[in-house]
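Here are some exercises to work through with the sequence and the 3D view side by side. Try each task yourself before you read its solution.

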Amino acid sequence: MDIEKFATSIFECGLISFKVAFIFSLFNSSFNKFIVNCWVDYDCSKAAESDDINDALNYQVLYDIVKREMEIPSHLLEHVAGRILKCVKAAFPHISAAQV
């Protein structure tokens, strides 16, 4: 198989997924454990070709956004997810889609 065609098919979606577990106070003073799944869709063909970290999505920034937003006390998980999406889209304007 042609490696370029293979890489293109793998990275066509550019889907990045990770899970983050947090324990924090969301509802009153009780502590809850949450796993945050965050999917980001972007064109990662340049990073696949160059092997240069500067051409890839910065996972540390993505993690920091999720961590920061999860640490803010909130009454609704939907509100937290909405804030995460807003921050991710602001930090990475080149992404084509994101889901929390």
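**Exercise 1. Take the contacts in the protein chain between residues at least 6 apart in sequence, and find what share joins residues at least 24 apart.**

Step 1. Settle what counts: a contact means heavy atoms within 4.5 Å.

Step 2. Read off the share: 52% of these contacts join residues at least 24 apart in sequence.

Step 3. Look at a pair that is far apart along the chain. F34 and M70 are separated by 36 residues in sequence, and their C-alpha atoms are 9.1 Å apart in space. F34 sits in strand β2 (residues 31-41).

Before going on, a word on the model: it is predicted, so local features need pLDDT of at least 70 and side-chain atom pairs count only at pLDDT 80 or more, while totals for chains, interfaces and linings use all residues. Residues are numbered from 1 along each chain as its sequence is written, and side-chain values use heavy atoms, with hydrogens and water left out.

**Exercise 2. List the secondary structure elements of the protein chain in order, then describe its surface.**

Step 1. Use the DSSP runs, numbered from the N terminus: helices are H or I with at least four residues, and strands are E with at least two.

Step 2. Count them: there are four helices and three strands. Starting at the N terminus, the order is α-β-β-α-α-α-β.

Step 3. Sort residues by relative accessible area: buried is under 20%, exposed is over 50%, and partly exposed is in between (1.4 Å probe, protein chains only). Of the 100 residues in the protein chain, 28% are buried.

Step 4. Turn to the surface, with areas from the Shrake-Rupley method with a 1.4 Å probe, where for residues only the protein chains shown count as cover. The chain exposes about 6,900 Å², and carbon and sulfur atoms supply 57% of that area.

**Exercise 3. Compare the span of α3 and of α4 with the expected value, and find the buried side of each helix.**

Step 1. Work out the expected span, which is 1.5 Å times one less than the number of residues in the helix.

Step 2. Apply this to α3. Its 12 residues should span 16 Å, and the end C-alpha atoms are indeed 16 Å apart.

Step 3. Collect the buried residues of α3: L62, I65, V66, E69 and M70. They lie on the same side of α3 because they cover an arc of only 120° around the axis. The arc is that of the directions from the helix axis to the C-beta atoms.

Step 4. Repeat for α4 (residues 77-91). This helix has 15 residues and reaches 21 Å from first C-alpha to last, close to the 21 Å expected.

Step 5. In α4, the buried residues are V80, A81, R83, I84 and V88. Their arc is only 160° around the axis, so they share the same side of α4. On the face turned away from that buried side are the exposed residues E78, K86 and A90.

Step 6. Connect this to helix geometry: an α-helix has 3.6 residues a turn, so residues three or four places apart point the same way.

**Exercise 4. Which residues does R83 touch, not counting residues up to four places away in sequence?**

Step 1. Locate R83: it lies in helix α4. R83 is buried, with a relative accessible area of 16%.

Step 2. Name its partners: R83 touches E69, I72 and S74.

Step 3. Follow S74, found in the loop between α3 (59-70) and α4. S74 counts as buried because its relative accessibility is 5%.

Step 4. Look for polar contacts (a pair of N or O atoms within 3.5 Å; within protein, one must be able to donate a hydrogen and the other to accept it, and residues adjacent in sequence count only if both atoms are side-chain atoms). The side chains of S74 and R83 are joined by one of 2.9 Å. A polar atom of the S74 side chain also lies 3.2 Å from the backbone oxygen of I72.

**Exercise 5. How many salt bridges does the structure hold, and which residues are linked in a network?**

Step 1. Apply the rule: a salt bridge is a side-chain nitrogen of Lys or Arg within 4 Å of a carboxyl oxygen of Asp or Glu.

Step 2. The structure holds four salt bridges. Among them is the pair D55 and K46, at 3.8 Å from N to O. Another joins E71 and K67, with the closest N and O atoms 2.6 Å apart.

Step 3. Trace the network: R68, E69 and R83 are linked by salt bridges. Within it, the side chains of R68 and E69 meet at 3.3 Å, N to O. E69 counts as buried at 6% relative accessibility, whereas R68 is partly exposed at 41%.
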